[in-house]
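Reader: I would like a close look at a single part of this protein, taken slowly enough that I can follow it on the screen. Please begin with one pair of strands and then set that pair beside other parts of the chain.

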Amino acid sequence: MNDLQTFIAKDNLTVSEAMQQIDKNTFGILFLSDAAGKLVGCITDGDVRRYLLAGGKMSGSALDAANKNPRAAKDIDEARLLYHKKNYIVIPVVNNEGAIVDLYNGEDGSQNQKIRNVLNIPVVINAGGKGTRLDPFTRVLPKPLIPVGELPIIELIMREYQTYSCDEFHVIVNYKKEVMKAYFHDNENRYNITWYDEEKPLGTGGGLSLLRGKFDSTFFFANCDALLTANYESMLKFHKENGNAITMICAYKNMNIPYGVVEMGINGAIEDMKEKPLMSFLTNTGIYIVEPEVIDSIKDDEAIGFPDIVTRVKENGKKVAVFPVSENDWMDMGQLSELEKMSIKLYGE
């Protein structure tokens, strides 16, 4: 593999810093080495997720979240045998001192192919908003039909779910709903869509009341301005195993503050100073896994945001939880500045 340094970092990184470097390569893995260059661990998106769910912080040591006993080979032939024996992502090749000298990722590149199990659960898409952040485009088209490269965002979202055999779509519409329906009526790719018309704006959550009695099992619920390319199977497994009523999919974001940040105490005393600090936090992607009982907590024609429904369900004693994903797996088109970035990520320069 070319550019080994994309896959190798020192073991003194924080989890946040490790995630930024993982996002720079296409394999979702980073190998950690000590001061002498010896391999001491590897960390993946899944390792970070388990670490955070166990109470770890993005400011914690990457080594604390890492697998400290990664498989390694002495030469390419051994790496090839190890790689094809199990479903490994990458096998490092180390020298006699334990330093990485090469990486084997499968000669045919088969590790990049999406091998997905059938989930086959319903998908509800909230497509009724006006999309004011995308004005003036949304004066002409409803937000879900704003093109991102070759396809509108709603079709990109639907195709992602279809890779898991989720073909049953329930779409809540309001603003320019006839344009939406006309687009799919004339679409050469036939989608299994049931439409639900809001008579008045019901927010990001209230429209679910229109689906009362439609489901007797778990469903996905998504706003129509974000595309997620993370592992939906892992999300659903987490949701089921933890007995959640709602699982909120959140992306961990890393943001460099371009200023010196000062913490002030009593009488203006300086408590702490940090120069251009890195801030790490979880942000709601607007994508959820939901149990049908949640719909019963929404009144007919109630205008309410889904985050408020999450709070309501939690206060009623039901279990709600977060499933964290990499910010690299989340593309948000809610703002004009993000449209071009999203298109480049999907289709290239």
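Author: **A hairpin and its surroundings**

In this predicted model, strand 4 (residues 91–94) and strand 5 (residues 100–104) pair in the antiparallel sense, and the pairing runs over 4 bridges. To find the register on the screen, start at Ile91, whose bridge partner in strand 5 is Tyr104. The two strands form a hairpin with 5 residues between them, and in this hairpin Gly98 takes a positive phi near 85°. As general background, strands of a sheet pair through backbone hydrogen bonds, either parallel or antiparallel.

Another antiparallel pair can be set beside the hairpin: strand 2 (residues 29–33) and strand 3 pair in that sense over 5 bridges, and here Leu30 stands opposite Ile43 in strand 3. Helix 1 (residues 15–22) packs on the sheet, where it touches strand 1, strand 2 and strand 3, and its direction makes about 125° with that of strand 2. The sheet in question is an open one of 3 strands, in the order 1-2-3 and with mixed pairing. Its edge strands are strand 1 (8–10) and strand 3 (39–44), each of which pairs on one side only, while the twist from one strand to the next averages 35°.

Two single residues, each within a strand, show how surroundings can be read. His170 is found in strand 9 (residues 168–173), and it counts as buried because its relative accessible area is 5%, under the 20% cut-off. Leaving out residues up to four places away in sequence, His170 touches Pro122, Val123, Val124, Ile125, Thr194, Tyr196, Leu211 and Phe215. The side chain of His170 also makes a polar contact, at 2.7 Å, with the side chain of Glu168.

Glu271, by contrast, has its place in strand 15 (residues 270–275), and it counts as exposed because its relative accessible area is 55%, over the 50% cut-off. Apart from its neighbours within four places in sequence, Glu271 is in contact with Glu263, Met264 and Gly265.

For the wider setting, the protein has 10 helices and 18 strands, and 49% of its 349 residues count as buried. Among contacts between residues at least 6 apart in sequence, 67% join residues at least 24 apart. The accessible surface comes to about 18,000 Å², and 48% of that surface belongs to carbon and sulfur atoms.

Key:
Residues are numbered from 1 along each chain as its sequence is written. This is a predicted model: local features need pLDDT of at least 70, side-chain atom pairs count only at pLDDT 80 or more; totals for chains, interfaces and linings use all residues. Side-chain values use heavy atoms; hydrogens and water are left out. Buried means under 20% relative accessible area, exposed over 50%, partly exposed in between (1.4 Å probe, protein chains only). Contact means heavy atoms within 4.5 Å. Accessible areas come from the Shrake-Rupley method with a 1.4 Å probe; for residues, only the protein chains shown count as cover. Two strands pair if DSSP finds at least two bridges between them. A polar contact is a pair of N or O atoms within 3.5 Å; within protein, one must be able to donate a hydrogen and the other to accept it, and residues adjacent in sequence count only if both atoms are side-chain atoms. Axes are lines fitted to C-alpha atoms, for helices over the stretch in contact, and angles run from 0 to 180 degrees between N-to-C directions.
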